[in-house]
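Dear colleague,

Please find the structure below, handed over for your study. The notes that follow it set out what was found, beginning with the ligand and ending with the annotated domains.

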Amino acid sequence: MFAGFYDEIHEEFREVVREFVTREVTPHYPGWESAHMIERSMWLAAAENGLLGLAVQEEHGGMGLGDYRFRMILDEELARAGALAVSLALHLHDDWVLPALLKFGTPEQQTAWLPRFMDGSFVSSVAFTEPGAGSDLRAVRTKAVKNDDGGWTLDGQKTFIGNGISGDGALVLARTDGSDVRQRGAEDSFSLFLVEKQDNPGYQPGRQLEKMGFTASDTAELFFAGVQIPAANLIGEAGRGLEYAKAILPQGRLGIATSAAAITAEVLRQTRDYVAQRETFGQLVSEHQNTRFQLAELQVGLEATERYVAAAVAGFNAGELDLVGASKAKLWASEQAKSSVDACLQLHGGYGYILDYPVAQAYLAVRLLTIFGGTSEILKETIAAELR
Ligand SMILES: Cc1cc2nc3c(=O)[nH]c(=O)nc-3n(C[C@H](O)[C@H](O)[C@H](O)COP(=O)(O)OP(=O)(O)OC[C@H]3O[C@@H](n4cnc5c(N)ncnc54)[C@H](O)[C@@H]3O)c2cc1C
């Protein structure tokens, strides 16, 4: 990010993160790439360094670092190390699942779960999407039926679930109105549950999905067959799941926007280095007029993105970032990342197409950012609705 965005305290925090990445991520990353799975050791080391659940308040044993700039340092350092899949996995845990617990969990739930979120013993997934319900979450068919003892029985299927195989449980959006399909206008048809995999034989991860990018992390189908959920694992009140899901979207989308900005900045830095040492026609590639113009445009694009994302982060820190604001930040930053990384790849020539080069990995990774957590088209619908 631009000079002056971070304070000294953030830079001190960066030292901890950089050390963690150098020691606990970089040496292991090729192995995780081959296995398409991040080992638990990463989560445990992150926990040891206080890097999980940054926003958890001190009374629950956390550091209460609600200032999102701390979170961004993780994105930046992981982008610098080319460990993009770790960034994605951490975002799901910290920016999708944790906020649901912090915002809507009862004090008892927070006491029971927050320590596990922070110590690496409960790696979480967000399980909203289904084969027939992605953009349109009202089409969710996974169903939870209340038992006589107040608990719930869950049946259904989810897909594209990050940490789905390696994780310990998921924040599941399920239909709880007794119906099997969409009810017109029924905003109170859904509930959110924190569902544990352990001791729940009906909770079965399915296929590991082969992704284009972010290949060091697992993404899977999840199947629920008669999964038993204790009453205490219902988040907030029954029937308010969709409302809660919408309430956590701003943070989820902000996290995608900040990742996009971090990847864009890192790839541009690498590209400047590359063109400054590669020669063609007796000149450095950086000296061709086209390269200079391209880099100038990319720099302006990056600075615009960083300023825009910074405004969204300031809004978030002030408790004022709403769904439209976060959608705008994600739309702009993810689309910019896509076009900017594409232009950087072109400046690498054929080497840009080779997966050993970080720009090729980044190209495949950023393609996801305009899709997950709300496609660009859905974000435009959200933004346009406010313009009516
Ligand atoms: C690698 C990966 C990781 C993911 N991780 C997770 C995860 O951890 N947890 C989770 O719950 N989900 C996850 N997702 C799911 C992701 O959020 C969805 O893929 C996304 O929301 C889009 O849903 P869909 O794939 O069903 O596409 P669809 O909703 O079927 O959309 C198809 C196309 O139609 C367009 N479209 C749809 N509706 C409209 C409309 N009203 N107007 C205009 N255009 C429209 C879309 O923009 C898109 O271009 C992940 C996806 C991927 C690929």
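**Contacts with the ligand**

In this predicted model, a polar side-chain atom of T129 lies 2.7 Å from a nitrogen atom of the ligand. Two further contacts involve oxygen. The side chain of T375 places an N or O atom 2.7 Å from an oxygen atom of the ligand. For G373, a polar backbone atom is 3.3 Å from an oxygen atom of the ligand. On its own, the ligand has 970 Å² of accessible area, and the protein covers 64% of this.

**The surroundings of the ligand**

The ligand takes up the space of the largest pocket. Around the ligand there are 17 residues, of which T129, S135, F160, T375 and E377 come nearest. T129 and T375 therefore deserve a second look in the display, as they appear both in this list and in the contacts above.

What is the chemical character of this shell? Nine of its residues are nonpolar, six are polar and two are charged.

Two elements, β3 (152–162) and α11 (376–387), each give two or more residues to the shell. The strand β3 gives the most, with three residues.

**The annotated domains**

The UniProt record, an unreviewed entry, names two domains. Residues 8–120 carry the annotation "Acyl-CoA dehydrogenase/oxidase N-terminal" in that record. This span is 71% helix and 0% strand, and its end C-alpha atoms lie 28 Å apart.

The record places "Acyl-CoA dehydrogenase/oxidase C-terminal" at residues 239–387. Here the chain is 76% helix and 3% strand, with the end C-alpha atoms 29 Å apart.

With kind regards

Key
Residues are numbered from 1 along each chain as its sequence is written. This is a predicted model: local features need pLDDT of at least 70, side-chain atom pairs count only at pLDDT 80 or more; totals for chains, interfaces and linings use all residues. Side-chain values use heavy atoms; hydrogens and water are left out. UniProt positions are given in the numbering used here, feature names are shortened, and annotations may be inferred rather than shown by experiment. Helices (H or I, at least four residues) and strands (E, at least two) are DSSP runs, numbered from the N terminus. A residue is near a molecule or strand if one of its heavy atoms lies within 4 Å of it. A polar contact is a pair of N or O atoms within 3.5 Å; within protein, one must be able to donate a hydrogen and the other to accept it, and residues adjacent in sequence count only if both atoms are side-chain atoms. Accessible areas come from the Shrake-Rupley method with a 1.4 Å probe; for residues, only the protein chains shown count as cover. On a 1 Å grid over the protein atoms alone, a cavity is a set of points where a 1.4 Å probe fits but cannot get out, and a pocket is an open set with protein on both sides within 12 Å along at least five of seven lines; lining residues have an atom within 4 Å of a point. A molecule sits in a cavity or pocket if more than half of its atoms lie within 2 Å of its grid points. Ala, Val, Leu, Ile, Met, Phe, Trp, Tyr, Cys and Pro count as nonpolar, Asp, Glu, Lys and Arg as charged, and the others, Gly among them, as polar.
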